[in-house]
Amino acid sequence: MTQTITIRRPDDWHVHLRDGAMLEGVTAFTARQFARAIVMPNLTPPVTTVEAGEAYRTRIMAAVPEGIRFTPLMTCYLTDNIDPEEVRRGFAAGVFTAAKLYPAGATTNSDSGVTGVANIRGVLEVMAEIGMVLCVHGEVTSAEIDIFDREAVFIEQVLAPLLADLPDLKVVFEHITTEDAVRFVEAAPANVAATITPQHLHINRNAMLVGGMRPHAYCLPVAKREKHRLALRRAATSGSAKFFLGTDSAPHTRAAKESACGCAGIFNAPYALESYLAVFEAENALDHFEGFASLHGPAFYGLPVNEDMVTLEQRECAIPDTIAAGGDVLVPFHAGQTLGWTFSG
Ligand code: DOR
Ligand code: ZN
């Protein structure tokens, strides 16, 4: 008998669905596995108004294949000049579920991001008051800080002081990559949680740099040393409600990745659950998989858990070398590898 695992349908608490042809090409992959997803607002131009959030949501819904139920949860891109009342209005109207803090210059399309959290104190105060989640890209951007230290320095210079100033603010420390972040989140009160990507559970920085430069293993924050990967695996599989699934699936065309200045981002949406489940199996933590994938996220966001179930079978899953999407070619995470579980819906 094939072994199977059946859990409540998961949600993806951090994904990039892009726009235009790419949006049309990639949305089905996320909608096939997840009921809901927190959709990142780093488009050009970024999603900074209720109107833009609503229009983007409509474009996403148009890209969901017929017969699939999928709810995009929209986020507002915070800028130095964001109007707190716009964010309040978007949240009250059910358009924005969360707001996103990109430190200016930290990553893809973050040029309009925040240059100092002091500039957005007004909106953060409103968010603390109304219970709206702040999603944080936790890296400092100063040129003098080594890229491998940017997350740890962010905790010290930005996140800890921010939470000391606004202790009620609900914060998701996104795509954490270090033992420092794991410890910080574990020690913080219940209004602070973190998402963890499949790639940061599977690879350390060697995957990017040993035997040649491997652009498909490059994302931001970059993968760190092995001890950090092990800390992330312990956190994700621990059963702690502070850690939950957020793929950070971030498609860029193969040409944009394999370039003299390759884009940051790993496209993991097509086999996200298979990838996470491999980790839970290896860590002997299958009993904690549902919590991480399907329960902790809704609990943190104050949303109901999904009623329907999904099943994965213990059957080989061959990951293709490339995937066609949006008239272009994408290289998925685990390209050319075989994973041990297959999502069967
Ligand atoms: O690797 C990344 N890609 N990290 C981010 O923070 C942004 C994302 C993207 O939009 O490409
Ligand atoms: Zn992201």
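Two strands count as paired when DSSP finds at least two bridges between them. With that in mind, here are some close-up views of this predicted model.

**View 1. A small open sheet is built from strands 1, 10 and 15.** The three strands lie in the order 1-10-15, and their pairing is antiparallel. Strand 1 (4–8) and strand 15 (342–343) are the edge strands, each pairing on one side only. As general background, the strands of a sheet pair through backbone hydrogen bonds, in either the parallel or the antiparallel sense.

**View 2. Zooming in on the bridges, we can follow strand 10 to its partners.** Five bridges link strand 1 with strand 10 (residues 309–313) in the antiparallel sense. Look for isoleucine 7, whose bridge partner in strand 10 is valine 310, and for isoleucine 5, which is partnered by leucine 312 of strand 10. Strand 10 is also joined to strand 15 by two bridges, again antiparallel. Here glutamate 313 faces threonine 342 of strand 15.

**View 3. Ligand 1 sits among 13 surrounding residues.** The closest are Arg18, Asn42, Thr107, Leu220 and His252. By class, this shell is made up of four nonpolar, seven polar and two charged residues. The space that ligand 1 takes up is the largest cavity.

**View 4. Histidine side chains approach oxygen atoms of ligand 1.** An N or O atom in the side chain of histidine 16 is 3.3 Å from a ligand oxygen. For histidine 137, the corresponding distance is 3.2 Å, and for histidine 252 it is 2.8 Å. How much of the accessible area of ligand 1 does the protein cover? Of the 290 Å² that the ligand has on its own, the protein covers 100%.

**View 5. Arginine 18 has an unusual backbone angle to look for: a positive phi.** Its phi is about 60°, although arginine 18 is not a glycine. You will find arginine 18 in the loop between strand 2 (12–15) and helix 1 (20–33). Arg18 is also one of the closest residues to ligand 1.

**View 6. Cis peptide bonds precede proline 45 and proline 221.** The bond from threonine 44 to proline 45 is cis, with omega near -5°. Proline 45 belongs to the loop between strand 3 (36–39) and helix 2 (50–63). Leucine 220 and proline 221 are likewise joined by a cis bond, with omega about -5°. Proline 221 lies in the loop that runs between helix 8 (206–209) and helix 9 (226–237). Its partner in this bond, leucine 220, brings us back to View 3: Leu220 is among the closest residues to ligand 1.

Key. Residues numbered from 1 in each chain as written. Chains lettered and ligands numbered in written order. Predicted model: local features only at pLDDT ≥ 70, side-chain atom pairs only at ≥ 80, totals over all residues. Heavy atoms only, no water. Near = heavy atom within 4 Å. Polar contact = N/O pair within 3.5 Å; in protein donor to acceptor, adjacent residues only side chain to side chain. Areas by Shrake-Rupley, 256 points an atom, 1.4 Å probe, with all protein chains shown as cover. 1 Å grid on protein atoms, 1.4 Å probe; cavity = no way out; pocket = protein on both sides within 12 Å on 5 of 7 lines; lining within 4 Å. Sits in = over half its atoms within 2 Å of the grid points. Nonpolar A, V, L, I, M, F, W, Y, C, P; charged D, E, K, R; others polar. Helix = DSSP H or I, 4+ residues; strand = E, 2+ residues; numbered from the N terminus.
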